[in-house]
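Here are a few short exercises to work through with the model open beside you. Try each one before reading its solution.

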Amino acid sequence: MNLSQLTPGAHATVTRISELSSEDVVAHRLRDLGFVAGEPVSLVALGPFGSDPLLVQVGYTRFALRRSEAARVEVQPGKA
Amino acid sequence: MDSTHVSATPLSLALVGNPNCGKTALFNRLTGARQKVANYAGATVERKEGFFVLPSGRHVRVLDLPGAYSLSATSPDEAVTRDVCLGQHPDEQRPDLLLCVADATNLRLHLRFVLELRRLGRPMVLALNMADAAERRGIRIDAKALEQELGFPVIETIAVRKHGTAALLAALDGRLPGPAEPLPEGTDLHAETRRLLAAAVSMPSPTNPTDAAIDRWVLHPVLGLAILAAVMLVVFQSVYAWAGPFSDGIEAGVGALGEWISSTLPEGMLSSLLVDGVIAGVGGVLVFLPQILILFFFILLLEESGYLPRAAFLLDRFMVGAGLSGRAFIPMLSSFACAIPGIMATRSIPNPRDRFLTILVAPMMTCSARLPVYALLIGAFIPDRMVGGIFNLQGLTLFGLYMAGILGALVVAWVARLMGKRASDEQALMLEIPAWRLPNAKDVLLGLKERGMIFLRRAGTLILAISIVLWVLSTFPTPPEDWARPAIEYSFAGRIGHALAFFFEPIGFNWQICVALIPGLAAREVAVAGLASVYAIAGADEANTEQILATALHNEWTLATAFSLLAWYVFAPQCMATLAVVRRETSSWRATAIWAGLLTALAYGAAFLTYHLTAALT
């Protein structure tokens, strides 16, 4: 399961970041922003058009991620 | 090094931290108004330097580096931060000390970057900013324990308060710390961050409950969009309502100055150069300063409060559909008042391609300088009657012109996206939605001053030069005594206009239009005065002149020519002030030339189609 498949209000824990290529800048940046294995995340809200982007809480910070970005974050649902 | 030598050399600091850590507020508090803002050579990245004096009398030079999430840079801004921290920037000395700034309420994210900087082994001090906000939320940070773990000084600061930096100043005044001890090779920075948080920080809740409550409304799919529409309505209403008296004042002042000079100086070339060239040219651009400042005031408020990224969140999908990013929304909207603040606001777009595309399409939004030209042509050619019982035909035409600009921008962005797709570079959003903040008056005013100065410096240099060139073109050579036609026809501008007529004939422009377009390069609305002088029309006052001019145009031009000129005005990069700002913001003549070329081609194409369609239908 990945972050883009959560429903608003759902909590989960990051298991890994999948890379689309060997030099996936987005995946690298997601890790720098705190999306690393073991980190609790939650889906806070969805954008008004096509439920995109997603508002995601990681650590003490909230980020707007596009669906394609959130899909790289593999998660284990449930509160840590 | 002896102590006298140390106090004689200014200490050089670099402020470094994540975006939204309150770094710029801290920079403002430390330096007051002693700041220098410039651009890095060949880049669009802003270089902010400031100066202050420590209690001991030691001088400090401080660089406010662009906010960064990581030293693995993903934008030109972050690359500058990385290069300066590594001591690899070609134009920048390696700073003596890295003053890291972290938001005390957002340490999970910010500490990781601090640890990444620690790897560089440079002397460091960590400022835990917004200590007051952390305390209010019940976050307890053991700064001493954190300092022990990190091995360099950790100081709490409150950048928005007057004495919030006293402890920091005291620490900088003492003996500076030695190089930070790098972590063992291969340390996982995330694991180390968690360990530090566990050792020194107690956080009752990961989010601020007040923020979450506000966001439930502001980011709501329906209510959120309604709030956004209301905010924008208030902003634009204020821009037009408040700027009016100031613009009128500037206009009256410029007019009075011109009259005073013409009555003081003997009639002749000098007087004409000053009045018709310099004062009319620069004054015509200065009139937009109140609008620009008021618009920037609101943009700064929205930025400082944290609303801007939320607006980008709401509109991102919609803007992506058009080939732009959510962050392009404010620049595009600002451009309805004037393209200059719009283009300057594209600084919040980190991706260079997205940014250039926004700069390209922003001037297609109908700015207020086009309105006098539209009003003249609509008044002259569109009958003032009702359609379908409720719509005024003139109003509908104006609406159509606004829509033409918007649709043109959407088409251009869409085409650019198709071309960008082929290059297969994915555009990332990954936008932080920061905590809500009460804007600080001093920070807003400093930001406003900075933006106002950029505009004035342009008006003072490039626009002044262009005004003089345009005056020379429309004044020389002076016609002989027995010249019966308008003097401008004899001038270079007249001759250039005649020569250009060949190029503009396929879109239905006569040579009079071509001549009027030349002074109109100073500012779009000056073309109205250009038409009046080329048709040798002078009424008792301005309103009277325009009325006679409208009648003359109605008799001289076909409907197809009028429509073609309107279409030209929707797209053409007519305004030299905008060109100057594009040059400044892109730092590249090549990009500026591409920008001007694309818009001119678009304007020519639109005018060509309009001319021939209208001619065929009438």
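The exercises below go from the fold of one chain to a sheet shared by two chains.

This is a predicted model, where local features need pLDDT of at least 70, side-chain atom pairs count only at pLDDT 80 or more, and totals for chains, interfaces and linings use all residues. Residues are numbered from 1 along each chain as its sequence is written, with chains lettered from A and ligands numbered from 1 in the order in which they are written.

**Exercise 1.** List the elements of chain A from the N terminus on.

Solution. Start with the count: chain A has two helices and five strands (DSSP runs, H or I of at least four residues for helices, E of at least two for strands, numbered from the N terminus). Then put them in order, which gives β-α-β-β-β-α-β.

**Exercise 2.** Trace the open sheet and find its edge strands.

Solution. Take pairing to need at least two DSSP bridges between two strands. Six strands then follow one another as β5(A)-β1(A)-β2(A)-β3(A)-β4(A)-β12(B), with antiparallel pairing. The edges are β5 (73–77) of chain A and β12 (431–432) of chain B, each pairing on one side only.

**Exercise 3.** Look at how β2 and β3 of chain A pair.

Solution. Strand β2 (residues 40–49) and strand β3 (residues 52–58) of chain A are antiparallel, joined over six bridges. For one bridge, go to A:A45: its partner in β3(A) is A:L55.

**Exercise 4.** How much of chain A is buried?

Solution. Call a residue buried if 20 or more other C-beta atoms, placed from the backbone, lie within 10 Å of its own, exposed if 12 or fewer, and partly exposed in between. Of the 80 residues of chain A, 51% are buried.
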